Amino acid sequence: MKSKTVKVLAISGSINPGATAGRLLQAIERLAGPGFQFTIFEGLGNIPHFNPQLSDSTTNEHVLAWRNLWKQGGAVIICTPEYAFGMPGVLKDALDWLVGSGEVYHKPLAALSYSPSMMGGENALSTLLLTLKAQNADFDESTTSTIPAIRQRFSLEGEITDPTLSTLLTKVLESLANKCEKKTDSH
């Protein structure tokens, strides 16, 4: 990969322990190799419902820790299931806490949604990207993807069983690393 290590905040869009999102992020970390340093965050359930009246003045320890994780990461990967044709509400709430504080602004980002259906969670990805676009995250089609039929491509043990999925995720990681390198070169 690149000569510099890319620090990645990898966010599971599910609050269920052992959910596919967290296991998929662990598989992506194994694919990534030594050019990446991952912090996998599965604590969305600790972040309170978003309250715009408290956004600028919050002292909630979970919100402050969430913001700090975003500041520390050079890049972010969000992996989310689709619930009721959208991203999970806890993920939306957590991202809304970042609107006023600006941690998402120009952050190199990859967004992945998955589903057991052939639609691959495209509605979840669409709603997630709308929220991220409103916050000026740095993503494009090379760092975003749906993963249809997840159960046929990814095992219950957390292993990628489909070489096409491995190739897709490797390309997403390469594009994310390139975005980080460009951001570093522009500073």
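**Figure 1. Salt bridges in the predicted model.** In this predicted model, the count of salt bridges comes to 5. Side chains of opposite charge can pair when their charged atoms come close. Three of these contacts are treated in the views that follow.

**Figure 2. Close-up of the salt bridge between Asp 96 and Lys 92**. The closest N and O atoms of Asp 96 and Lys 92 are 2.8 Å apart. Both residues belong to helix α3 (residues 89-96), and because they are 4 residues apart there, about one helical turn separates them. Asp 96 has a relative accessibility of 14% and therefore counts as buried, the limit being 20%. Lys 92, at 33% relative accessibility, counts as partly exposed.

**Figure 3. Close-up of the salt bridge between Lys 179 and Asp 140**. Here the closest N and O atoms lie 2.9 Å apart. The pair links distant parts of the chain, 39 residues apart: Lys 179 is in helix α6, whereas Asp 140 is in the loop between α4 (122-134) and β5 (144-147). Lys 179 counts as buried, with a relative accessibility of 13%, and Asp 140 counts as partly exposed at 27%.

**Figure 4. Close-up of Arg 153 and Asp 162, with the start of helix α6**. Arg 153 forms a salt bridge with Asp 162, and the closest N and O atoms are 2.8 Å apart. Both partners count as buried: Arg 153 at 14% relative accessibility and Asp 162 at 16%. Elsewhere, salt bridges that share partners join Asp 138, Asp 140 and Lys 179 into one network. Asp 162 has a further contact at the start of α6, where one of its side-chain oxygens reaches to within 3.1 Å of the backbone nitrogen of Thr 164.

**Figure 5. Helix α6 along its length**. The 23 residues of α6 should span 33 Å at 1.5 Å a residue, and the end C-alpha atoms are 33 Å apart, in agreement with that expectation. Buried residues of α6 include Leu 165, Leu 169, Val 172, Leu 173 and Leu 176. Ser 175, Ala 177, Lys 179 and Cys 180 of α6 are also buried.

**Figure 6. The largest nonpolar core, centred in the view on Ile 28**. This core has 27 residues, and those with the most contacts inside it are Val 8, Leu 24, Ile 28, Phe 36, Phe 38 and Ile 77. At least two residues of the core come from each of β1 (6-12), α1 (20-32), β2 (36-41), β3 (75-81), β4 (109-114) and α6 (163-185). Helix α6 gives the most, with 7 residues. Leaving aside neighbours within four places in sequence, Ile 28 is in contact with Phe 38, Ile 77, Leu 112, Leu 169 and Leu 173. Apart from the largest core lies another core of 25 residues, among them Ile 11, Trp 70, Leu 128 and Ala 137.

**Figure 7. Close-up of the aromatic pair of Phe 41 and Trp 66**. The model has 4 aromatic pairs. Phe 41 and Trp 66 form a tilted pair, with 5.1 Å centre to centre and 40° between the planes. The pair links distant parts of the chain, 25 residues apart, with Phe 41 in strand β2 and Trp 66 in helix α2 (residues 61-72). Both Phe 41 and Trp 66 are buried. Ring pairs link Phe 41, Trp 66 and Trp 70 into a cluster, and Trp 70 is also one of the residues of the 25-residue core.

**Figure 8. Close-up of the aromatic pair of Phe 50 and Trp 97**. A pair of aromatic rings is described by the distance of the centres and the angle of the planes. Phe 50 and Trp 97 are edge-to-face, at 5.2 Å centre to centre and 85° between the planes. Distant parts of the chain are linked by this pair: Phe 50 lies in the loop between β2 and α2, and Trp 97 in the loop between α3 and β4, 47 residues apart. Phe 50 is partly exposed, with a relative accessible area of 25%, whereas Trp 97 is buried, with 1%.

**Figure 9. Close-up of Ser 14 in the loop between β1 and α1**. Ser 14 is buried, with a relative accessible area of 2%. The side chain of Ser 14 reaches the backbone nitrogen of Asn 16 at 3.1 Å. Not counting residues up to four places away in sequence, Ser 14 touches Ala 19, Ala 21, Pro 81 and Tyr 83.

Terms used
Residues are numbered from 1 along each chain as its sequence is written. This is a predicted model: local features need pLDDT of at least 70, side-chain atom pairs count only at pLDDT 80 or more; totals for chains, interfaces and linings use all residues. Side-chain values use heavy atoms; hydrogens and water are left out. A nonpolar core is a set of buried Ala, Val, Leu, Ile, Met, Phe, Trp, Tyr and Cys residues joined through side-chain atoms within 4.5 Å. Buried means under 20% relative accessible area, exposed over 50%, partly exposed in between (1.4 Å probe, protein chains only). Contact means heavy atoms within 4.5 Å. A salt bridge is a side-chain nitrogen of Lys or Arg within 4 Å of a carboxyl oxygen of Asp or Glu. The expected span of a helix is 1.5 Å times one less than its number of residues. A polar contact is a pair of N or O atoms within 3.5 Å; within protein, one must be able to donate a hydrogen and the other to accept it, and residues adjacent in sequence count only if both atoms are side-chain atoms. Rings of Phe, Tyr and Trp (its six-membered ring) pair if their centres lie within 6.5 Å; planes under 30 degrees apart count as stacked, over 60 as edge-to-face and the rest as tilted.
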